[in-house]
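Take a look at the model below. This report follows one helix and its surroundings.

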Amino acid sequence: VVSSTALTLPEDAPLSFDAAIGLVRQCATVQDASHYWRGDAYLWVERRYGRDAVQAVISEEEYDALRSYIWVSERVPPARRDPRLTWSHCRLVAALEPVQQTKWLTRAVEAGWSVRELREAMRPTAEPRRRLDRNGLLALSHDRIGQVWTEEDDLMLRAHLGRDGFD
């Protein structure tokens, strides 16, 4: 039985282990797909009945909850979406022009990138960002990992970077 709060299966349901694992994976697919469905459904209703009709029955809170789904659905049409990627991949490229969206989504599929990996690949700089943690330890320095970062080291790094050195 499926409801808005549960998926209840009989304890003796005739599912093999592989089928049960498939069900768990399908639930994850449905969760991610629902982002697309919500945006696509809103856009369909709006096309069919008009924006004024939709806004008359959907509260501002509902619309705010739907806003990102609608935006991704508007910017990344179904033909450009790949089932091997998540909605979050599409959200990441939605601000780009269609040709760039296709380029980055294709690269993500070919490389098997997570959303984080896609985000990193899309960064305009090829050099990794240097970060300092709150205690002043240089995070990406092989020769200084684990050593206390002194005020003198901090001043030298700030002068080298030409800014405060913190991201």
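Is Gln101 buried or exposed? This is a predicted model. In it, Gln101 has 0% relative accessibility, so Gln101 counts as buried. The cut-off for buried is under 20%.

Gln101 sits in helix α5. This helix runs over residues 98-111 and has 14 residues. From its first C-alpha to its last, α5 reaches 20 Å, close to the 20 Å expected at 1.5 Å a residue.

Gln101 has company: the buried residues of α5 are Gln101, Trp104, Leu105, Ala108 and Val109. They cover an arc of only 140 degrees around the axis, which puts them on the same side of α5. An α-helix has 3.6 residues a turn, so residues three or four places apart point the same way. The face turned away from the buried side carries the exposed residues Val99 and Glu110. What covers the buried residues includes α3, α4 and α6. Just after α5, Gly112 takes a positive phi of about 70 degrees.

Now for the core. The largest nonpolar core has 19 residues. Tyr42, Cys90 and Leu105 touch the most other members. The elements that give two or more residues to this core are α1 (17-49), α3, α4 and α5.

The table lists contacts for two residues, leaving out residues up to four places away in sequence.

| Residue | Residues touched |
|---|---|
| Gln101 | Arg75, Val76, Arg80, Val93, Ala94 and Leu96 |
| Tyr42 | Val54, Gln55, Ile58, Tyr63, Leu66 and Ile70 |

Technical notes: Residues numbered from 1 in each chain as written. Predicted model: local features only at pLDDT ≥ 70, side-chain atom pairs only at ≥ 80, totals over all residues. Heavy atoms only, no water. Helix = DSSP H or I, 4+ residues; strand = E, 2+ residues; numbered from the N terminus. Expected span 1.5 Å × (residues − 1). Buried < 20%, exposed > 50% of the residue type's maximum accessible area, 1.4 Å probe, protein only. Arc of directions from axis to C-beta. Contact = heavy atoms within 4.5 Å. Core = buried A, V, L, I, M, F, W, Y, C linked by side-chain atoms within 4.5 Å.
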